[in-house]
Structures are given as C-alpha cells and as structure tokens.
Amino acid sequence: TETLTCDDLWFMRNRIFHNNGYCFGSERGISTFGNDGCHTKSPSLSETDATIMNAIKQTEKNLGC
C-alpha cells in the first residue's frame, strides 16, 4: 500500500475546495490551483465531499501535518 504524505493530503483537501469555488489566499494555493472562477471563502460541500474532507483532516492530524 502507498502511504499518503502531508503534501498529498494538502493537495487532495485543497482540490476539493477548488472544485467547490474556493478562493485561495495562500501563495501555495493560488500557484497550485489558481483563483479563476472562484467565488467564495466558505464553499458548501456535498455530503460526499464533506465525508472525504473529514477523513483527510483526521489523517493529517494522525500524521502530524
């Protein structure tokens, strides 16, 4: 099995935000995803995205990211 790194988890978490219209403020977020088409700092997530996001956050916590 492949182990996810903190960078992998960061990318996965922020890709969900990006796909839901999030406007990034960090240089890393903007350089990775851009802000074209963004419209919010508080995106509404589907139940599926929210579940995935919670799992990512828990894994980040467990890894000490």
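## Getting to know a three-helix chain

Start with helix 3: on one side of it, Glu 47, Thr 48, Thr 51, Asn 54, Lys 61 and Asn 62 are exposed. Here "exposed" means over 50% relative accessible area, "buried" means under 20%, and "partly exposed" is in between, using a 1.4 Å probe and protein chains only. Helices are DSSP runs of H or I with at least four residues, strands are E runs of at least two, and both are numbered from the N terminus. This is a predicted model, where local features need pLDDT of at least 70 and side-chain atom pairs count only at pLDDT 80 or more, while totals for chains, interfaces and linings use all residues. Residues are numbered from 1 along each chain as its sequence is written, and side-chain values use heavy atoms, with hydrogens and water left out.

**The chain as a whole**

- You'll find 3 helices and 0 strands, in the pattern α-α-α along the sequence.
- The C-alpha atoms fill a box of roughly 35 × 25 × 20 Å, taken along the principal axes.
- Of the 65 residues, 31% count as buried.
- Take the contacts (heavy atoms within 4.5 Å) between residues at least 6 apart in sequence: 39% of them join residues at least 24 apart.

**Helix 3, inside and out**

- Asp 49, Met 53, Ile 56 and Glu 60 are the buried residues here.
- They sit on the same side of helix 3, because they cover an arc of only 65 degrees around the axis, judged by the directions from the axis to the C-beta atoms.
- As a rule, an α-helix has 3.6 residues a turn, so residues three or four places apart point the same way.
- Helix 1 is part of what covers the buried residues of helix 3.
- The length checks out too: 17 residues at 1.5 Å each should span 24 Å, and the end C-alpha atoms of helix 3 are indeed 24 Å apart. That expected span is 1.5 Å times one less than the number of residues.
- Right after helix 3, Gly 64 takes a positive phi of about 75 degrees.

**The nonpolar core**

- The largest nonpolar core has 9 residues: Leu 9, Trp 10, Ile 16, Phe 17, Tyr 22, Phe 24, Phe 33, Met 53 and Ile 56. Such a core is a set of buried Ala, Val, Leu, Ile, Met, Phe, Trp, Tyr and Cys residues joined through side-chain atoms within 4.5 Å.
- Helix 1 (6-19) and helix 3 (47-63) each supply at least two residues of this core, with helix 1 giving the most, 4 residues.

**Rings in company**

- There are 5 aromatic pairs. Rings of Phe, Tyr and Trp (its six-membered ring) pair if their centres lie within 6.5 Å, with planes under 30 degrees apart called stacked, over 60 edge-to-face and the rest tilted.
- Tyr 22 and Phe 24 are edge-to-face, because their ring centres are 4.9 Å apart and their planes are at 80 degrees. Both residues are buried.
- Phe 24 and Phe 33 are stacked, because their centres are 5.3 Å apart and their planes are at 15 degrees.
- Ring pairs link Trp 10, Phe 11, Phe 17, Tyr 22, Phe 24 and Phe 33 into a cluster.
- Arg 28 lies over the face of Trp 10, 3.7 Å from the ring centre; the rule wants NZ of Lys or CZ of Arg within 6 Å of the ring centre and within 35 degrees of the ring normal.

**Phe 33 and Asn 14**

- Phe 33 is buried at 14% relative accessible area. Not counting residues up to four places away in sequence, Phe 33 touches Trp 10, Phe 11, Asn 14, Arg 15, His 18 and Phe 24.
- Asn 14 lies in helix 1 and is buried at 6% relative accessible area.
- With the same sequence neighbours left out, Asn 14 touches Phe 24 and Phe 33.
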